[in-house]
Amino acid sequence: MWDQELRTMASSHAILASSVIMSTVVPAVLVRGFSVYETHLLWLYCLAGAVAAVNISAFWLLGIASPTADPNPLSRLLRSCLYLFLSCLFYHTVVVLYGAPLIESAAETFSLAVLLTSLTTLRCLCVLGPDVQAWIRVFTRHGAKTVWDSSLRITVASTVVGAWMGAFFIPLNWDRPWQAWPVSCSLGSAIGFVSGLVAAPAWIYYHRKQLTYKCK
């Protein structure tokens with residue numbers, strides 16, 4: 001049963017990684033002049049939308065979401081939407097505090113926050129639901145109880161680190177189109193997300209003897 005759940009997670013990760021690729025390839029075929037650099041915000045929202053759609057569909061079909069204390073579906077939906085909005089504000093604030101323009105390029109900064117929310121917060125909502133205590137448990141040391149919990153920790157961390165590392169290229173005086181704000185951070189978060197999707201099943205598999213997960 002444990003191995004079957006790991007295979008299921010690996011398959012869902014492969015589909016999610018494919019959605020990242022397709023969000024670049026499909027618009028490039030259908031939209032004239034589409035480019036990751038020249039039409040960056042369009043690519044960013046295509047990526048965010050594709051990942052969000054695949055995340056929601058995959059976890060709904062797999063029935064992965066943990067039960068929450070609130071049995072009302074409408075209440076859970078409203079709370080989830082509130083969490084997504086607050087997550088966008090949180091990421092926007094953090095990015096500004098790290099040096100992004102406060103007024104200039106505000107739309108680009110908020111778009112990056114939307115992308116980070118779709119890659120991290122939405123995934124947490126799909127697995128854990130709008131349960132703050134469950135989020136705190138998963139992201140504390142030794143708090144992961146399932147393969148999905150560990151997958152969340154790895155993918156969220158790799159996405160955030162990827163976005164952070166992408167910012168290192170912006171101040172360099174190379175005058176490259178991918179150094180425009182927030183292209184390198186968006187690319188870094190996407191690369192970090194895909195890296196986390198690949199690394200999570202491998203890490204869990206090679207550490208399976210030390211892990212004491214329970215299948216959902």
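The following dialogue goes through a few features of this predicted model and the reasons for the terms applied to them.

Visitor: What makes the pair of aspartate 149 and arginine 137 a salt bridge?

Guide: The closest N and O atoms of aspartate 149 and arginine 137 are 3.2 Å apart. The cut-off is 4 Å between a side-chain nitrogen of Lys or Arg and a carboxyl oxygen of Asp or Glu, so the pair qualifies. By this rule the count comes to one salt bridge.

Visitor: Which helices hold aspartate 149 and arginine 137?

Guide: Aspartate 149 is in helix H6 (residues 147-166) and arginine 137 is in helix H5 (residues 132-138). The two residues are twelve apart.

Visitor: Why is aspartate 149 called buried?

Guide: Its relative accessible area is 1%. Buried means under 20%, so aspartate 149 is buried. Arginine 137, at 26% relative accessibility, counts as partly exposed, because that value falls between the limits of 20% and 50%.

Visitor: Why are H4 and H7 called roughly parallel?

Guide: The axes of helix H4 (residues 106-128) and helix H7 (residues 183-206) cross at roughly 15° and come within 9 Å. Angles under 35 degrees count as roughly parallel, so H4 and H7 earn the term. Their crossing is left-handed.

Visitor: Which residues of H4 and H7 meet?

Guide: From H4 there are Leu112, Leu115, Leu116, Leu119 and Arg123, and from H7 there are Cys185, Ser186, Ser189, Ala190, Phe193 and Leu197. By class, this contact has eight nonpolar, two polar and one charged residues.

Visitor: How do you know that H2 and H4 are roughly parallel to each other?

Guide: The axes of helix H2 (residues 40-62) and H4 cross at roughly 10° and come within 10 Å. The angle is under 35 degrees, so H2 and H4 also count as roughly parallel. Among the contact residues are Leu44, Tyr45, Ala48 and Phe59 of H2, along with Glu108, Leu112, Leu115 and Cys126 of H4. By class, the contact of H2 with H4 has 16 nonpolar, three polar and two charged residues.

Visitor: Where is isoleucine 170, and what does it touch?

Guide: Isoleucine 170 lies in the loop between H6 and H7. Leaving out residues up to four places away in sequence, isoleucine 170 touches Gln179, Trp181, Ser184 and Cys185. The C-alpha atoms of isoleucine 170 and tryptophan 135 are separated by 32 Å, with their positions 35 residues apart along the chain.

Visitor: Why is isoleucine 170 called partly exposed?

Guide: Its relative accessible area is 26%. That value is between 20% and 50%, so isoleucine 170 is partly exposed.

Visitor: What kind of peptide bond runs from tryptophan 181 to proline 182?

Guide: The bond is cis, with omega near -5°. Proline 182 lies in the loop between H6 and H7.

Visitor: What is the phi of serine 105, and where is this residue?

Guide: Serine 105 has a positive phi of about 60° although it is not a glycine. Its place is in the loop between helix H3 (73-97) and H4. At 25% relative accessibility, serine 105 falls between 20% and 50% and therefore counts as partly exposed.

Visitor: Why is arginine 141 called exposed?

Guide: Its relative accessibility is 73%. Exposed means over 50%, so arginine 141 meets the limit. Arginine 141 is found in the loop between H5 and H6. Its C-alpha atom is separated by 39 Å from that of tyrosine 37, 104 residues apart along the chain.

Notes. Residues are numbered from 1 along each chain as its sequence is written. This is a predicted model: local features need pLDDT of at least 70, side-chain atom pairs count only at pLDDT 80 or more; totals for chains, interfaces and linings use all residues. Side-chain values use heavy atoms; hydrogens and water are left out. Helices (H or I, at least four residues) and strands (E, at least two) are DSSP runs, numbered from the N terminus. Buried means under 20% relative accessible area, exposed over 50%, partly exposed in between (1.4 Å probe, protein chains only). Axes are lines fitted to C-alpha atoms, for helices over the stretch in contact, and angles run from 0 to 180 degrees between N-to-C directions. Angles under 35 degrees count as roughly parallel, over 145 as roughly antiparallel, 65 to 115 as roughly perpendicular and the rest as oblique. A crossing is left-handed if the near helix is turned anticlockwise from the far one by less than a right angle, and right-handed if clockwise. Contact means heavy atoms within 4.5 Å. Ala, Val, Leu, Ile, Met, Phe, Trp, Tyr, Cys and Pro count as nonpolar, Asp, Glu, Lys and Arg as charged, and the others, Gly among them, as polar.
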